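Welcome! Below are some short exercises, each followed by a solution worked in steps. Keep the structure open beside you as you go.

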Amino acid sequence: MLMLLSASLLAQEDKLLRAQQLLKAKNADEARLAIDSVILHPQTSSDFMSWTVRAYIYADIYKRTDKYKLHSSLRDSVISSIKISNSLKPDSSFKEQNRKLAKNIAYGYYNLGKTLLYDSLNYEASQSAYNNYKDILSWVEPSEVNNKEIEYYLGVGSLYSDIFNKDNNNTKAGDIAKVALLKVIEIQPDNAMANIDMGLMYYNQAANLSRSLEYGADFDQIDIVQENLIKLGKQSFQFMIKVYNKDHNNLKAIEALFYIYRLLNENAKSDEFKKIGMEKGIKYDTEGSGEKPADGVKKENKENQQNKEK
C-alpha cells in the first residue's frame, strides 16, 4: 500500500513538473490539462506550489483569449488559485509570486474599466470592472486603493460633467458625475479639479435657467426660477470658494467666482474678482457672447488634466 501511495505521489509530482515545463515552453493549453489533474489529486491538492503554478498557467491563457472581457472564468480561476495557494501558507518566494500575479490581474481590471468608460461610455460595466480591481487590490496592495479611487472617480466625474454641462436634461449623466466627484471630495476635500467640476455643473444649470428668463418664461414661474437660480449659484459658490481659499492663484476659480458673484447680483464682489482676474491675464466675456463663461473654465481644466496624464 505504501509503495502504491508513493508511486501515485511521484506521478503527480511528475505532472506538476511537466506542467511547469509546458508553461515555460509556451504551451499553456497542454499545461492546463496536467495541472488540473495535480490539484484534483488528494496528495497534491494541498500543495501551495501546485496552486500557484495553476494560477500562472490560467493567467497565460487568459491574457491570450480573455484579457478584454469583463467576465472571464479563466481570470476567476487565476484569482481563486492564488487565494487557495495563500491559504496553504506558501514560502516567501511563492507568496511574492502570488502577489505580483494578483496585482497584475487587478490592474487588468482597472485598465478595462477605463476602456469601457472612455471608449464605450459604459459606466455600469466600467464600474463593475473597477470594483473587481478594488476588491483584489484591497488584499494585495491596500495602500494603493485610495490613489486609484481618486484617479478613477475624477475621470468619471470629468467625463460625465462634460456631458451634463452640454445637456442639462441628461440628469443621468449629472447624477453619475455628482456621485463620482463627491467620492473624490470625501477622500480629498481640497481636490481642486473635483471642486471646480462640481461648481461648474451647478453654475451651468443656473446659467441655463437665467437664459430661460431672457427668452421668456411664464410670469407665474419667474419667482420660482429666480429662487432656483440663486440656490444653484450658491451651491456652485461653495465649491469654487474652497478652491480659491486654498490657492489664490487658481485662475479657473477666480474666473468662475466673477461669474458666480455676478449671477448672485453681488456686484462689489463680482467687480473685485474681475479686477483680480484681469490683473492675472483673464479675459472675461461680459457681453454674453462667444462661449459660455464656464465652458472656458472647463476647457482649461480638461487640458490641464490631459497634460497630467501624459
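**Exercise 1. Lys89 in its loop**

Does Lys89 count as buried or exposed?

*Solution.* Before starting, note that this is a predicted model. Step one is to find the residue: Lys89 lies in the loop between α4 (73-87) and α5. Step two is to compare its accessibility with the cut-off. The relative accessibility of Lys89 is 70%, and exposed means over 50%, so Lys89 counts as exposed. Step three is a look at the backbone: Lys89 is not a glycine, yet its phi is positive, at about 55°.

**Exercise 2. Leu121 in its loop**

Find Leu121 and work out which accessibility class it belongs to.

*Solution.* Start with the place, which is the loop between α5 and α6. Next comes the accessibility: with a relative accessible area of 44%, Leu121 is partly exposed. Finally, check the backbone. Leu121 has a positive phi of about 55°, although it is not a glycine.

**Exercise 3. The span of helix α8**

How many residues does helix α8 have, and how far does it reach from its first C-alpha to its last?

*Solution.* Helix α8 covers residues 171-187, which makes 17 residues. At 1.5 Å a residue, the expected reach is 24 Å. The model gives 24 Å from the first C-alpha to the last, close to that expectation. Now look at which residues are covered: the buried ones in α8 are Ala173, Gly174, Ile176, Ala177, Lys178, Ala180, Leu181, Val184 and Ile185. When you read that list, it helps to know that an α-helix has 3.6 residues a turn, so residues three or four places apart point the same way.

**Exercise 4. Salt bridges across the chain**

Which parts of the chain are linked by the salt bridge of Arg64 and Asp29?

*Solution.* The structure holds 13 salt bridges, and we follow some of them here.

- Step one: in the salt bridge between Arg64 and Asp29, the closest N and O atoms are 3.6 Å apart. The pair links distant parts of the chain, with Arg64 in helix α3 (residues 48-65) and Asp29 in helix α2 (residues 28-40), 35 residues apart. Arg64 is partly exposed at 49% relative accessibility, and Asp29 is partly exposed at 42%.
- Step two: Glu144 and Lys103 meet through their side chains in a salt bridge of 2.9 Å, N to O. Glu144 lies in the loop between α6 (123-140) and α7 (145-166) and Lys103 in helix α5 (residues 92-118), so this pair ties together parts 41 residues apart in sequence. Lys103 has a relative accessible area of 21% and is partly exposed.
- Step three: Lys172 and Glu124 form a salt bridge whose closest N and O atoms are 3.3 Å apart. Lys172 sits in helix α8 and Glu124 in helix α6, distant parts of the chain 48 residues apart.
- Step four: shared partners join Glu96, Arg99, Lys103, Glu141 and Glu144 into one network of salt bridges.

**Exercise 5. Aromatic rings**

Why is the pair of Tyr130 and Tyr153 edge-to-face?

*Solution.* Begin with the total: the count comes to 18 aromatic pairs. The rings of Tyr130 and Tyr153 have their centres 5.5 Å apart and their planes at 80°. Planes over 60 degrees apart count as edge-to-face, so this pair is edge-to-face. Tyr130 lies in helix α6 and Tyr153 in helix α7, so the pair ties together parts 23 residues apart in sequence. Tyr130 is buried at 0% relative accessibility, and Tyr153 is buried at 2%. Widening the view, Tyr107, Tyr110, Tyr130, Tyr133, Tyr152 and Tyr153 form one aromatic cluster. To finish, the charged end of Lys183 sits over the ring of Tyr153, 5.2 Å from its centre.

**Exercise 6. The surroundings of Lys242**

Which residues is Lys242 in contact with, leaving aside its neighbours within four places in sequence?

*Solution.* First, place the residue: Lys242 lies in helix α10 (residues 222-246). Its relative accessible area of 29% makes Lys242 partly exposed. Beyond the neighbours set aside, Lys242 is in contact with Ile185, Pro189, Asp190 and Asn195. Now take Asn195 from that list. Lys242 and Asn195 are 47 residues apart along the chain, and their C-alpha atoms are separated by 7.6 Å. Their side chains make a polar contact at 3.2 Å.

Terms used:
Residues are numbered from 1 along each chain as its sequence is written. Side-chain values use heavy atoms; hydrogens and water are left out. Helices (H or I, at least four residues) and strands (E, at least two) are DSSP runs, numbered from the N terminus. The expected span of a helix is 1.5 Å times one less than its number of residues. Buried means under 20% relative accessible area, exposed over 50%, partly exposed in between (1.4 Å probe, protein chains only). A salt bridge is a side-chain nitrogen of Lys or Arg within 4 Å of a carboxyl oxygen of Asp or Glu. Rings of Phe, Tyr and Trp (its six-membered ring) pair if their centres lie within 6.5 Å; planes under 30 degrees apart count as stacked, over 60 as edge-to-face and the rest as tilted. A charge sits over a ring if NZ of Lys or CZ of Arg is within 6 Å of the ring centre and within 35 degrees of the ring normal. Contact means heavy atoms within 4.5 Å. A polar contact is a pair of N or O atoms within 3.5 Å; within protein, one must be able to donate a hydrogen and the other to accept it, and residues adjacent in sequence count only if both atoms are side-chain atoms.
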